[in-house]
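Reader: I am new to this structure. Please take one part and look at it closely.

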Amino acid sequence: MKELQEKILEFIDDETEDEENPFEELKLYLDDFGIQEVQNGFIQFLQFLVKVANNPHRSPGFFTKIQQLLLLFKDQIKQTLSNSRILRIFISNKPLLFFLIKEEIYIPDRNLVYTLNNDKYKISKYFQYFYPEFNSFYDKKMKEEVEEQYKELISYGIDAFNKQREEGENDLTICSMIRNDSIDDFITYINEKSIKLNGTIDPSIYESNNYLMTKNPSLIEYSAFFGSLQILKFLSLSK
């Protein structure tokens, strides 16, 4: 399992333009490994993918690569795991759960409301995030509580909302500039908006990285996390 995990991480971290060959190589390795036949191995494999999705800094195409791996086992997941088990495995990562719903690997049912009805998921606004998919299971009171916030989320259109859900990153303009290390745009923006350089990043419903969700990182911490060296240097020199 350790060797398998290392190969998965190599595939996800590979930033070369030739995406086809690394995926085909990993696919062959998975075929030879026979992950479905290892006792508890398939569950461990899926749990590992979720842990990877939840934690490290994401390179370009990060979620696409994890989705490729999940699609390899689409039938296996549907045939061997119950709806409730799929939810338990993937519930900690909103973009992956959204992907599973789109691919009809996970079919929302009434049980999910009971699962989400605790403070952890309420704080992370799961009911608002998944309103289009889950609202048919909400009672009248819950719909009234959630609907207004959902309308705010789709104020820029449902397509923009879905794109943000797929990306799983903080949607603030300044966060996008930092992730892309757009130093000129960043300096212009902070001057125009009078943003304090020792300030923190406001939370976002779209954020899906465990580290960034459990704290409000400062601008320099957010820059360091994403390896944005130009902005990091600017903030450091600015004391």
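Author: Helix 6 and helix 7 run roughly antiparallel to each other (an angle over 145 degrees, on a scale from 0 to 180 degrees between N-to-C directions). Helix 6 covers residues 83–90 and helix 7 residues 94–102. They pack at an angle of about 150°, and their axes, lines fitted to C-alpha atoms over the stretch in contact, are 9 Å apart. Helices here are DSSP runs of H or I, at least four residues long, numbered from the N terminus.

This is a predicted model, where local features need pLDDT of at least 70 and side-chain atom pairs pLDDT 80 or more, while totals for chains, interfaces and linings use all residues. Residues are numbered from 1 along each chain as its sequence is written, and side-chain values use heavy atoms, with hydrogens and water left out.

Who makes the contact (heavy atoms within 4.5 Å)? Helix 6 brings Ile86, Leu87 and Phe90. Helix 7 brings Leu96, Leu97 and Leu100. These divide into 6 nonpolar, no polar and no charged.

Leucine 70 touches both Phe90 and Leu96, and also Leu100. Its other contacts include Leu46 and Ile77, not counting residues up to four places away in sequence.

Phe90 and Leu70 also belong to the largest nonpolar core, which has 58 residues. Such a core is a set of buried nonpolar residues (under 20% relative accessible area, 1.4 Å probe, protein chains only), joined through side-chain atoms within 4.5 Å. Both are among the residues with the most contacts inside it, as are Ile8 and Phe45. Helix 3, residues 41–54, gives the most to this core, with 9 residues.

Conventions
Helix = DSSP H or I, 4+ residues; strand = E, 2+ residues; numbered from the N terminus. Parallel < 35°, antiparallel > 145°, perpendicular 65-115°, else oblique. Contact = heavy atoms within 4.5 Å. Nonpolar A, V, L, I, M, F, W, Y, C, P; charged D, E, K, R; others polar. Buried < 20%, exposed > 50% of the residue type's maximum accessible area, 1.4 Å probe, protein only.
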